[in-house]
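Reader: Could you take a close look at one part of this model for me, the N-terminal stretch, and then show me how other parts of the chain compare in their local detail? I would be glad of a connected account rather than a list.

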Amino acid sequence: PLIRREDYAPYPWRVPTTELRFVLGVDKTTVQAKLKVERNPHANPANVLRLNGDGLKPAGVWIDGSLANSWEMDGDDLLITLPGDAHEVSIDTQIDPAGNSQLMGLYASNGMLCTQCEAEGFRRITFFPDRPDVLSTYTVRMEGSKADFPVLLSNGNCTASGEGEDGSHWAEWHDPWPKPSYLFALVAGQLVANTDSFTTMNGRKVDLAIWVRPEDLSRTDHAMESLKRSMQWDEQAFGREYDLDVFNIVAVSDFNMGAMENKSLNIFNTKYVLADQETATDGDYDAIEGVIGHEYFHNWSGNRITCRDWFQLSLKEGFTVLRDQLFSAAMGSEPVKRIEDVRVLRSVQFPEDSGPLAHPIRPDSYREISNFYTATVYNKGAEVIRMMRTMAGEERFRRGTDLYFDRHDGEAATCEDFVTAIEDGAGLDLADFRRWYQQAGTPKVSAKLEHVGDTATLHLEQAVPATPGQPDKRPMPIPLKIALFDRKSGKHHGEQLVTLTEAQQTFSFAGFDESPVLSINRDFSAPVAIEREVADEDLVFLAANDDDPFARYEAMQDLVVGHLRGLLSGSVDAAKRDSGRAAIGEAFRAVIADGELDDLMRGELLTLPGETYLAEQMLVADPAAIRAEREGLKAWLGQSLESDLVAMHERAAAAPGGMSAEAKGARKIKTSALVFLAAGNPDLAETMAAAQYDAATTMTDRQGALMVLTSLQGPQRTHKLLDFYNRFKGNALVIDKWFALQASSLHPSVLEQVKALAGHPDFTLKNPNRVRSLYMPFTGTAQGFHAASGGGYKMIADLILELDPINPQTAARFVSPLGRWRRIEPERSALMKGELERIAAAPKLSRDTYEQVTRSLG
Ligand code: ARG
Ligand code: ZN
């Protein structure tokens with residue numbers, strides 16, 4: 001059924017306390033739930049208590065201590081008729097964690113037991129009002145074999161423990177903070193901990209522990225440091241203090257998502273915990289810091305204040321993503337972090353917003369909420385809140401968030417509550433700005449600068465494209481940071497914030513004797529697509545002179561996008577190819593030579609716009625043509641800048657190691673150099689990459705070199721892939737990289753290679769990381785996924801059909817690459833659509849996959 005936001009009604013019952021008793025076993029776990037329930041005075045009364053279940057059968061139901069038969073099943077739900085205003089309801093259930101391949105609810109992973117309850121997994125453990133607006137205080141008792149499960153963890157504090165008979169033991173945990181069921185967690189297994197402590201701003205000493213399998217303990221220090229930095233930063237940046245005496249993190253190798261913010265017991269995908277220099281890249285280190293921060297920050301933005309219903313998901317996710325972005329920016333390079341975040345937005349969220357799965361950051365309806373954990377809800381949601389921060393300024397924004405935390409602490413709130421608190425606290429009028437929550441689609445803003453006399457006039461026009469279910473849109477307030485540069489001095493007259501509130505508006509600026517150069521959407525102040533006619537020489541000027549690092553990056557991107565788009569659309573004569581390349585080459589040379597730039601930023605400026613972002617620029621894209629034109633440019637740059645690139649590589653190779661920004665920057669540009677050289681001079685690149693691989697003391701260098709070799713066709717490809725496999729055999733996260741490198745390569749046979757890898761003994765559909773590492777990168781390959789034969793599309797459709805019964809949540813994630821069919825050239829488009837139709841026709845599709853496929857065919 002379709003669930004609608006407008007149908008929200010409060011739950012008729014409250015559940016002040018919940019007691020859970022688990023007798024744990026990998027194949028059989030029994031659960032006794034005891035719920036105190038009382039009528040909710042703020043809801044329409046009902047005598048029936050509807051408790052959600054998913055694949056459960058009640059083994060017994062008791063009301064106020066007596067065995068009851070006044071219950072019935074309604075589909076998966078349990079309905080209990082209650083005569084009075086307050087009762088105690090007890091229910092027994094039995095589950096099979098080892099048989100739980102969906103990884104939702106209580107499941108087994110490597111012999112340990114763990115849970116994932118968000119969004120609707122708790123109902124796979126016991127019958128419960130499994131919705132975020134029902135908050136309850138939990139007490140959990142678990143009992144199990146001491147040998148199998150020496151460590152027993154749940155939310156809150158451990159209040160008692162002891163030994164039982166026949167080698168069993170037990171522990172009791174109590175969480176004093178009322179919470180919704182999606183924040184419940186339990187872990188039992190053979191785990192060891194990296195322990196530490198943090199003292200909060202008011203002197204509370206918090207015991208910290210990161211729990212992993214014994215062989216992984218040596219790779220947990222970075223996660224621990226990241227956790228302490230997160231706790232410290234949230235105090236200083238948002239005034240948020242931790243509220244319990246313990247904080248536990250557990251790393252699990254079978255996990256559908258990145259991590260989960262369960263109250264005081266965060267559960268993480270191992271990918272976002274484990275790191276050392278030999279096995280994790282600089283990117284992995286950054287991702288761990290970001291995700292540790294993200295989950296920790298949820299303690300306030302998510303747990304203390306949770307969501308009223310799942311339509312409000314962006315309330316906690318958008319805000320928490322913004323918080324983790326600001327945290328990472330503060331820990332490292334602010335401009336580089338901003339560029340990375342915008343790159344993700346443009347390559348993942350923009351295509352979502354322009355495709356059949358487009359939805360507002362606060363959706364209006366869904367069938368399966370798991371499908372709405374999207375880049376739109378997360379990343380665009382963060383951008384929307386960032387715009388409020390930009391309009392208010394940092395200080396006033398902080399007053400707004402202070403008010404929000406204060407006003408709604410302990411509540412299940414809405415996005416509307418958040419916006420109102422920012423309005424009240426920051427003193428903003430956000431009446432029209434609320435449209436960002438309602439309307440899907442990336443606004444297109446066209447900008448034209450006119451110069452007459454001494455006045456520069458900026459003409460702005462916005463259009464929000466139609467999206468499924470939303471044919472007509474209203475204008476949205478769009479805050480744009482701009483600067484007008486003087487051509488001679490290379491300086492501007494001060495940055496300004498203009499807010500475009502109408503469909504069309506003009507802004508005038510006096511005092512310009514000559515026509516200035518416009519720098520617009522600086523720092524990417526609004527998540528929009530700017531369309532403007534701009535001369536290449538102005539872009540070259542901005543790439544060299546703009547004092548906003550993001551704008552500088554943007555000018556480089558625009559230069560390349562304009563060039564490639566012109567050639568691909570036929571609007572630019574192929575004879576002009578050389579002059580376009582020459583302009584880009586000059587800009588690149590300047591970037592390589594610029595002594596003022598740090599190497600991390602240099603690496604960003606040397607990154608070409610990706611194929612998906614380029615495809616996004618065209619109404620109908622030909623993936624093969626995009627690939628060919630982009631690779632052609634790479635090869636040309638590789639050849640004409642060969643000596644500069646070789647020198648840059650040499651210079652960086654001599655830089656010291658370690659984790660400083662300098663060392664990370666040096667590693668980044670080494671691989672950038674190899675990428676261009678590989679296109680321009682494959683033999684030279686093969687030699688250099690093989691040497692970098694052999695000399696590598698870090699995974700960053702080794703993986704960078706292997707990535708380049710994997711896309712080449714020389715003998716080193718096979719040698720190094722084999723060496724890499726043998727070197728890291730048994731380390732699952734590194735073997736994931738080995739699969740991913742091959743599946744993302746530029747090699748012409750990538751389709752056949754991925755097919756063969758699916759038969760590799762290390763490949764399994766049961767582990768989401770492994771599935772994603774093979775097939776997700778593959779969906780980005782022009783010559784593989786988009787092979788003219790349709791073989792790539794068929795492979796992904798086959799994967800979806802095979803994975804769906806095992807893990808529907810992960811299977812459904814593979815639908816969106818096929819969903820791009822309307823924006824692809826006609827022959828491939830028909831093949832993609834055909835595969836979607838084949839999936840749609842399959843019997844017994846999960847709700848997850850069914851929803852994504854039908855929306856995609858729309
Ligand atoms: N709340 C988690 C996070 O972003 C993600 C959980 C997603 N779970 C799911 N079933 N889709 O931090
Ligand atoms: Zn989150």
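Author: Happily. Let us begin with the stretch you asked about: in an unreviewed entry, UniProt lists residues 27-183 as "domain: Aminopeptidase N-like N-terminal". In this predicted model, that span is 0% helix and 53% strand, and its end C-alpha atoms lie 24 Å apart. As for confidence, the mean pLDDT of the chain is 98, with 100% of its residues at 70 or more. The model scores are ipTM 0.98 and pTM 0.99.

A good place to start is K28, which sits in the loop between β2 (13-23) and β3 (29-39). K28 is partly exposed, because 13 other C-beta atoms lie within 10 Å of its own, and residues count as exposed at 12 or fewer. Leaving aside residues up to four places away in sequence, K28 touches Q94 and D96. You can also trace a line from K28 to L113: the two are 85 residues apart along the chain, and their C-alpha atoms are separated by 11 Å.

From there, move on to L79, a residue of strand β8 (residues 77-81). L79 is also partly exposed, as 14 other C-beta atoms are found within 10 Å. Its contacts, again without residues up to four places away in sequence, are V48, R50, W71, E72 and D74. R50 deserves a second glance: it is 29 residues from L79 in sequence, and the two C-alpha atoms are 4.7 Å apart in space.

The backbone of this stretch holds a detail worth finding on your screen. The peptide bond that joins E118 and A119 is cis, with omega at about 0°. A119 belongs to the loop between β11 (112-116) and β12 (136-145).

Now for the rest of the chain. UniProt, in an unreviewed entry, lists residues 223-435 as "domain: Peptidase M1 membrane alanine aminopeptidase". This span is 55% helix and 9% strand, and 38 Å separates its end C-alpha atoms. Two helices to look at here are α3 (residues 313-331) and α4 (residues 334-353), which pack at an angle of about 145° with their axes 7 Å apart. The crossing of α3 past α4 is right-handed. On the α3 side, Q325, S328 and A329 make the contact, and on the α4 side E334, K337, R338 and D341 do. Sorted by class, the contact has one nonpolar, two polar and four charged residues.

Further along, residues 441-532 are listed by UniProt, in an unreviewed entry, as "domain: Peptidase M1 alanyl aminopeptidase Ig-like fold". Here the chain is 0% helix and 49% strand, and the end C-alpha atoms are 19 Å apart. Two neighbours in the sequence are worth your attention in the loop between β30 (517-520) and β31 (529-531), where D523 is found. D523 has a positive phi of about 55° although it is not a glycine. F524 lies in the loop between β30 and β31 as well, and F524 has a positive phi of about 50°, again without being a glycine. Their surroundings can be read from the neighbour counts. D523 is partly exposed, because 18 other C-beta atoms lie within 10 Å. F524 counts as buried, because it has 22 C-beta neighbours inside 10 Å, and the cut-off for buried is 20 or more.

Finally, follow the chain to helix α22, where V771 is found. V771 is buried, because 24 other C-beta atoms lie within 10 Å. Beyond residues up to four places away in sequence, V771 touches L765, L803 and T810. P623 is 148 residues from V771 in sequence, and their C-alpha atoms are 24 Å apart in space. After this helix, A788 lies in the loop between α22 (768-778) and α23 (791-803). A788 counts as exposed, because it has 12 C-beta neighbours inside 10 Å, and 12 or fewer is the limit for that class. One more line to draw runs from A788 to R308: these residues are 480 apart along the chain, and 47 Å separates their C-alpha atoms.

Notes:
Residues are numbered from 1 along each chain as its sequence is written. Chains are lettered from A and ligands numbered from 1 in the order in which they are written. This is a predicted model: local features need pLDDT of at least 70, side-chain atom pairs count only at pLDDT 80 or more; totals for chains, interfaces and linings use all residues. Helices (H or I, at least four residues) and strands (E, at least two) are DSSP runs, numbered from the N terminus. pLDDT is the predictor's confidence in each residue, from 0 to 100. Axes are lines fitted to C-alpha atoms, for helices over the stretch in contact, and angles run from 0 to 180 degrees between N-to-C directions. A crossing is left-handed if the near helix is turned anticlockwise from the far one by less than a right angle, and right-handed if clockwise. Two residues are in contact if their C-beta atoms, placed from the backbone, lie within 7 Å. Ala, Val, Leu, Ile, Met, Phe, Trp, Tyr, Cys and Pro count as nonpolar, Asp, Glu, Lys and Arg as charged, and the others, Gly among them, as polar. UniProt positions are given in the numbering used here, feature names are shortened, and annotations may be inferred rather than shown by experiment.
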